[in-house]
Amino acid sequence: VKGIIGMNFGIIGSGAVGQTIGTKLIELGHPVKIGSRDPAKLQEWQNKGGSGASTGSFAEAAEFGEIIFNCTLGTGAIEAVTLAGEANLNGKILVDTSNPLDFSKGFPPSLTVCNTDSLGEQIQRIFPNVRLVKALNTMTANLMVDPALVPGDHDAFICGNDATAKETVKQILEQFGWKSIIDLGDISAARTTEMLMPFWLRLYGAFQSPIFNYKIVR
Ligand SMILES: NC(=O)c1ccc[n+]([C@@H]2O[C@H](COP(=O)([O-])OP(=O)(O)OC[C@H]3O[C@@H](n4cnc5c(N)ncnc54)[C@H](OP(=O)(O)O)[C@@H]3O)[C@@H](O)[C@H]2O)c1
């Protein structure tokens, strides 16, 4: 497994997830470029991030990254990765944090794809040479990079078709502080973690807080 020390990271997506992961990667010493259709809105993030932080288009962020995160709205994710460009993604690890939530009919959202397919698989099909790993989509943004926000042992899930890519993503998650990372298998397992979202939203409603996580007891 190639080490990730000092690797450049590209982040497609300027929301809470993209900015939170971007800040954490910079704290860990990695140069990070976040992409947006409107990079001007990332000025404050860039100022706080210092010399390791930069911004650009989705394509510029993907080109910059040796490892890339997709942190875009589920209903915009295909458009966003298409804008990022196949040539800038091919052969690279793409960590997909997105969820296929459809808010067009209000709350609670439904899923744009489920059961027999997933957003993760849709992206993998468009870019067969991208080493897609679905990860971190089952928890709130702050918890992704700071698992200690929830006490005790609890789990992060990964899946994808490329075993070496999953090993690398495991290393990144370990740098984020994750101790239990469960590999669910190939990318079709993205169906299962994406389908946790309706359950996650119910729990959020019940707890009135997003600071909780799943713990699989064996
Ligand atoms: N927020 C959380 O705590 C959390 C937790 C787990 C998983 N997730 C998932 O992670 C993803 C990111 O969530 P988020 O809350 O950080 O932000 P978000 O508001 O869901 O997504 C923001 C990003 O999506 C891009 N985008 C929206 N519509 C687009 C379109 N039509 N074409 C291209 N790009 C489009 C935006 O582009 P611009 O930069 O150009 O505006 C922006 O970069 C989502 O799929 C979400 O379900 C979120």
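Here are some questions and answers about how features of this predicted model get their labels.

Q: Why is Lys134 called buried?
A: Buried means under 20% relative accessible area. Lys134 comes in at 1% relative accessibility, so it counts as buried.

Q: What makes Lys134 and Glu194 a salt bridge?
A: The cut-off is a side-chain nitrogen of Lys or Arg within 4 Å of a carboxyl oxygen of Asp or Glu. Here the closest N and O atoms are 2.7 Å apart, so the pair passes. The two residues come from distant parts of the chain: Lys134 is in strand E8 and Glu194 in helix H9, 60 residues apart. Glu194 is buried as well, with a relative accessible area of 1%.

Q: Which residues are joined into one network by salt bridges that share partners?
A: That would be Asp96, Lys134 and Glu194.

Q: How do you know that Asp117 and Arg125 differ in burial, one being buried and the other exposed?
A: Check each value against the limits: under 20% is buried and over 50% is exposed. Asp117 has 15%, so it is buried. Arg125 has 52%, so it counts as exposed. They still form a salt bridge, with the closest N and O atoms 2.6 Å apart.

Q: Why is Asp183 called partly exposed?
A: Partly exposed is the range between under 20% and over 50%. Asp183 has a relative accessible area of 42%, so that's where it lands. Its salt-bridge partner Lys166 (3.0 Å, N to O) is buried, with a relative accessible area of 9%.

Q: Why does Lys24 have no salt bridge?
A: The nearest side chain of opposite charge, Glu27, is 4.3 Å away. A salt bridge needs the atoms within 4 Å, so this one doesn't make it. Lys24 is buried all the same. It lies in helix H1, and its contacts, leaving aside neighbours within four places in sequence, are Val145, Gln175 and Phe176.

Q: What makes the Phe157 and Tyr214 pair tilted?
A: The angle between the planes is 40 degrees. Under 30 degrees would be stacked and over 60 edge-to-face, so 40 degrees counts as tilted. The centres are 6.5 Å apart, and both residues are buried.

Q: How do you know that the charged end of Lys33 sits over the ring of Phe64?
A: One part of the test is a distance within 6 Å of the ring centre. The charged end of Lys33 is 5.5 Å from the centre of the Phe64 ring, so it meets that part.

Definitions and conventions
Residues are numbered from 1 along each chain as its sequence is written. This is a predicted model: local features need pLDDT of at least 70, side-chain atom pairs count only at pLDDT 80 or more; totals for chains, interfaces and linings use all residues. Side-chain values use heavy atoms; hydrogens and water are left out. Helices (H or I, at least four residues) and strands (E, at least two) are DSSP runs, numbered from the N terminus. Buried means under 20% relative accessible area, exposed over 50%, partly exposed in between (1.4 Å probe, protein chains only). Lys and Arg count as positive and Asp and Glu as negative; His and the chain ends are not counted. Contact means heavy atoms within 4.5 Å. Rings of Phe, Tyr and Trp (its six-membered ring) pair if their centres lie within 6.5 Å; planes under 30 degrees apart count as stacked, over 60 as edge-to-face and the rest as tilted. A charge sits over a ring if NZ of Lys or CZ of Arg is within 6 Å of the ring centre and within 35 degrees of the ring normal.
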